[in-house]
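Got the model open in your viewer? Here is a short tour: what to select next, and what you'll find there.

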Amino acid sequence: MGRTPLRSDLIEEITTRVLDGRLAAGARVNEVHLARELGVSRTPLREALIGLAGRGLLVTEPGRGFLVPPFDPDEARRLYPLVAELEALALRWTSPLELAGLPDALDVVADEMAAALERGEDLSEVDDRWHALLLSRCPNPHLLRLIEQTKPLLKRYESCYFGGAGRAGESIGEHRRIAAALREGDLPAASAVLVRNWVKALAYLGKDER
């Protein structure tokens, strides 16, 4: 028998189920079934659900318990600019002295993204690694924690962002321009491209709505 999952493990697993659609948008969380599937009692499961509700990934309704919130284009319009500015702030917080070698490492991951695109694979995991690497030199743990807690809300809308090869290829180009600006020591330019990279996704969301 495996070990009993920790609260952090439960939060991670439930978050994954929300993001991959096993817990569908608008659906009620069946606590009894979920506790059985995860091999835990209701108490630690409920603590994890309360934590996710506090982060906005779940909602509660009287008499219905915990639900996965439905997709809301207005939420996406609020979240993309927010994450854009938070990541740009984390980048600006980083000392130029800490950026040595980072542009080359970012280009390596961008190459992986381009290769995945050519193979027709999903880019979200590689893109996550690229952004994590970009922010890895930021010395502000509070800011990084805020970004970490906010991004799962946004990731529910990723299909709008990487919905087509055209936008994905454009995004890879923006990733390379960010690395190039960092290589030149131009943090303001890198931050500006980073913000554009996130906010452009809203145009693709609008196209999907039509």
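**Stop 1: Arg-46 and its helix**

Select Arg-46 to begin; its place is in helix H3. Before you go on, note that this is a predicted model, where local features need pLDDT of at least 70, side-chain atom pairs count only at pLDDT 80 or more, and totals for chains, interfaces and linings use all residues. Residues are numbered from 1 along each chain as its sequence is written, and side-chain values use heavy atoms, with hydrogens and water left out. Helices (H or I, at least four residues) and strands (E, at least two) are DSSP runs, numbered from the N terminus.

Is Arg-46 buried or exposed? Neither label fits: Arg-46 is partly exposed, with a relative accessible area of 35%. Buried here means under 20% relative accessible area, exposed over 50%, and partly exposed in between (1.4 Å probe, protein chains only). Now show what Arg-46 touches: leaving out residues up to four places away in sequence, you get Glu-31 and Phe-66. Contact means heavy atoms within 4.5 Å. Draw a C-alpha distance from Arg-46 to Glu-31 and you should read 7.8 Å, for two residues 15 apart along the chain.

**Stop 2: H2 against H3**

Next, colour helix H2 (residues 31-38) and helix H3 (residues 42-55): their axes come within 10 Å and cross at roughly 110°. Axes are lines fitted to C-alpha atoms, for helices over the stretch in contact, and angles run from 0 to 180 degrees between N-to-C directions. That crossing makes H2 roughly perpendicular to H3; the label covers 65 to 115 degrees, with under 35 roughly parallel, over 145 roughly antiparallel and the rest oblique.

Show side chains for Glu-31, Val-32, Leu-34, Ala-35 and Leu-38 on H2, which meet Arg-42, Leu-45, Arg-46 and Leu-49 on H3. This contact divides into six nonpolar residues, no polar ones and three charged. Ala, Val, Leu, Ile, Met, Phe, Trp, Tyr, Cys and Pro count as nonpolar, Asp, Glu, Lys and Arg as charged, and the others, Gly among them, as polar.

**Stop 3: Ile-14 and the core**

Jump to Ile-14. Not counting residues up to four places away, Ile-14 touches Leu-23, Leu-34, Leu-38, Leu-45, Ala-48, Leu-49 and Leu-52. Zoom out to the largest nonpolar core, with 58 residues; Ile-14, Leu-45, Trp-130, Leu-134, Ile-178 and Leu-182 have the most contacts inside it. The largest share of this core, nine residues, comes from helix H4 (residues 73-93). A nonpolar core is a set of buried Ala, Val, Leu, Ile, Met, Phe, Trp, Tyr and Cys residues joined through side-chain atoms within 4.5 Å.

**Stop 4: the rings**

How many aromatic pairs does the structure hold? Two. Rings of Phe, Tyr and Trp (its six-membered ring) pair if their centres lie within 6.5 Å; planes under 30 degrees apart count as stacked, over 60 as edge-to-face and the rest as tilted.

Select Phe-71 and Tyr-157, an edge-to-face pair at 5.5 Å centre to centre, with 70° between the planes. Phe-71 sits in the loop between strand S2 (65-67) and H4, and Tyr-157 in the loop between helix H7 (141-155) and helix H8 (158-161), so the pair ties together parts 86 residues apart in sequence.

Then pick Tyr-80 and Trp-198: the ring centres are 6.1 Å apart and the planes at 50°, so this pair is tilted. Tyr-80 is in helix H4 and Trp-198 in helix H10 (residues 187-199), 118 residues apart. Both Tyr-80 and Trp-198 are buried.

**Stop 5: Leu-154**

Finish at Leu-154 in helix H7, buried with a relative accessible area of 1%. Beyond its neighbours within four places in sequence, Leu-154 is in contact with Leu-79, Tyr-80, Val-83 and Trp-198.
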